[in-house]
Amino acid sequence: MTTKVTAAEIAAQKEFARRVRELNCAREEPPVAHVHSFGCQQNVSDGEKIKGMLADMGYGFSNTADGADLVLFNTCAVRENAEDRVFGNLGALKHNKKQKPDMLIGVCGCMVQQEHITERIKKSFPYVDMVFGTHVLHTLPQLVYEAMTTHKRQISIPQMDGVIAEGLPLRRESGLKASIPIMYGCNNFCTYCIVPYVRGRERSRDPEEIVSEARCLVEQGYKELLLLGQNVNSYGRGTDVNFPELLRRINAIPGEFKICYMSSHPKDATRELIDTIAECEKVTRHFPLPVQSGSSRILKLMNRSYTREHYLELINYAKERIPDVALTSDIIVGFPGETYEDFQETLSLIREVKYDSLFTFIYSPRKGTKAAEMPDPISQEEKGKWFRELLEVQQEIGCSSYHNYIGRTLRVLCEGPGRTRDGCLTGKSIQNIIVDFDGDKSLIGSFVDVKITDALNWALIGELVKEN
Ligand code: SAH
Ligand code: SF4
Ligand code: F3S
């Protein structure tokens with residue numbers, strides 16, 4: 001059952017925000033907040049809501065914690081190194097708090113939904129004023145108000161299936177690209193993954209809310225909409241608007257813009273989805289389909305609910321229906337019990353699919369997940385070797401597939417200054433590939449045609465095609 005935060009609750013939070021704003025107005029200098037979102041796009045999107053609420057409370061923003069009146073870390077728990085970074089950054093704040101005792105420090109997001117982490121923060125970081133979980137993000141105004149007026153530590157981490165809060169203020173990071181969460185949480189319980197434990201059960205937003213948000217963004221001039229969910233392919237399960245239908249409805253909004261999405265789970269990716277991508281001209285020709293492993297034996301241990309063969313069938317259908325499709329995937333190396341032979345199956349799958357790019361990770365045990373209890377005899381050193389072998393194989397493939405674009409003309413959304421040459425511009429094609437080209441800065445924010453003349457392993461280089 002999906003629980004919506006009531007309009008009355010949102011209004012009550014607005015009232016807390018007003019009170020904080022009043023307190024902030026009485027300060028000599030306008031207060032400044034530093035918000036750092038770690039982890040995935042979902043967290044970045046939550047960060048935009050956090051900033052929206054803080055702006056409502058009268059805060060300006062700073063890119064650094066130094067001198068800030070409020071620092072908030074919106075954390076990620078997906079791998080151990082993500083958590084280590086947060087603890088490192090939190091440790092460094094001790095000095096800031098000493099210099100500015102009335103500053104507020106908060107930690108929120110996925111990490112704090114885990115009890116052992118909250119206990120560690122309580123014990124080792126006494127200068128943290130607010131700790132709150134992923135299900136109560138919308139109560140930030142109340143937490144700040146209480147922390148400011150009572151000077152007591154605020155801890156709010158209810159364990160629940162999760163809620164949907166509509167109507168929160170937003171402060172978007174870009175005027176060109178906008179994220180739209182279409183669903184929250186995850187039901188898949190891949191055995192290595194902490195996300196279902198820290199984000200709660202899967203819940204989809206109403207399609208009307210999503211389409212009207214998308215329409216508003218296009219009217220405001222946004223050129224790229226990124227639809228977010230841990231498994232967008234199970235959007236709207238049990239209703240008459242599934243993910244392909246949602247794509248069709250957004251595609252029908254007038255104007256030139258690009259529709260991207262992440263993440264897509266192979267077990268719920270259908271031929272209907274691939275047909276929809278092929279038919280909807282605004283949907284990116286980028287098909288991110290995280291395989292994780294090329295061995296059916298490991299996929300079973302991962303609880304991914306598909307086999308290597310099923311995955312390859314989907315990929316082949318996508319290549320057939322969308323000839324210029326760009327394929328990407330996430331890969332985990334060194335899952336418990338994985339042998340070198342299993343790993344070789346991943347390499348052979350990568351060679352067969354010919355991905356444009358990969359996001360690669362060494363398995364990191366997560367407390368409370370099933371995989372963390374499985375025997376894991378391979379050493380970190382050995383896993384490191386496999387990982388480097390994987391990167392080498394991908395480098396060859398990524399490079400060769402980019403060369404195939406030379407001579408073609410791609411439609412590119414120009415996003416800003418590029419990195420390959422002084423004064424060049426950069427953007428992304430409808431396949432989501434970085435394209436650098438020379439042109440006037442006035443093109444930033446518009447779609448242009450670029451003829452590809454060269455390929456690096458991470459980007460394409462081209463020349464602007466002059467309009468007739
Ligand atoms: N919902 C998305 C991914 C979320 S996490 C999906 O299913 O595709 C992003 C990526 O992090 C995963 O695809 C996986 O490759 C990686 N990941 C998740 N848990 C991990 C772990 N414990 N160790 C290493 N990598 C992990
Ligand atoms: Fe994690 Fe699997 Fe859910 Fe993705 S689908 S968030 S990998 S449990
Ligand atoms: Fe990390 Fe939470 Fe995203 S664990 S990957 S920030 S959903």
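The exercises below, each with a worked solution, concern a predicted model.

**Exercise 1.** Classify the aromatic pair formed by Phe16 and Tyr145, and state which parts of the chain the pair ties together.

*Solution.* Step 1: the ring centres lie 5.6 Å apart, and the planes make an angle of 50°. Step 2: planes under 30 degrees apart count as stacked and over 60 as edge-to-face, so the rest are tilted. The Phe16–Tyr145 pair is therefore tilted. Step 3: Phe16 belongs to helix α1 (residues 7-25) and Tyr145 to helix α5 (residues 140-150), so the pair ties together parts 129 residues apart in sequence. Step 4: Phe16 and Tyr145 are both buried. Step 5: Arg19 lies over the face of Tyr145, 5.3 Å from the ring centre.

**Exercise 2.** Do the classification for Tyr192 and Phe335, and decide whether each is buried or exposed.

*Solution.* Step 1: the centre-to-centre distance is 6.4 Å and the planes are 85° apart, which makes the pair edge-to-face. Step 2: Tyr192 sits in the loop between β10 (183-184) and α6 (195-199), and Phe335 in the loop between β15 (326-333) and α12 (340-353), so parts 143 residues apart in sequence are tied together. Step 3: buried means under 20% relative accessible area. Tyr192, at 10%, counts as buried, and Phe335, at 1%, is buried.

**Exercise 3.** Describe the surroundings of Ser62.

*Solution.* Step 1: Ser62 lies in the loop between β3 (60-61) and β4 (70-75). Step 2: leaving out residues up to four places away in sequence, Ser62 touches Val32, Ala33 and His34. Step 3: a polar atom of the Ser62 side chain is 2.8 Å from the backbone oxygen of Thr64.

Conventions. Residues are numbered from 1 along each chain as its sequence is written. Chains are lettered from A and ligands numbered from 1 in the order in which they are written. This is a predicted model: local features need pLDDT of at least 70, side-chain atom pairs count only at pLDDT 80 or more; totals for chains, interfaces and linings use all residues. Side-chain values use heavy atoms; hydrogens and water are left out. Helices (H or I, at least four residues) and strands (E, at least two) are DSSP runs, numbered from the N terminus. Contact means heavy atoms within 4.5 Å. A polar contact is a pair of N or O atoms within 3.5 Å; within protein, one must be able to donate a hydrogen and the other to accept it, and residues adjacent in sequence count only if both atoms are side-chain atoms. Rings of Phe, Tyr and Trp (its six-membered ring) pair if their centres lie within 6.5 Å; planes under 30 degrees apart count as stacked, over 60 as edge-to-face and the rest as tilted. Buried means under 20% relative accessible area, exposed over 50%, partly exposed in between (1.4 Å probe, protein chains only). A charge sits over a ring if NZ of Lys or CZ of Arg is within 6 Å of the ring centre and within 35 degrees of the ring normal.
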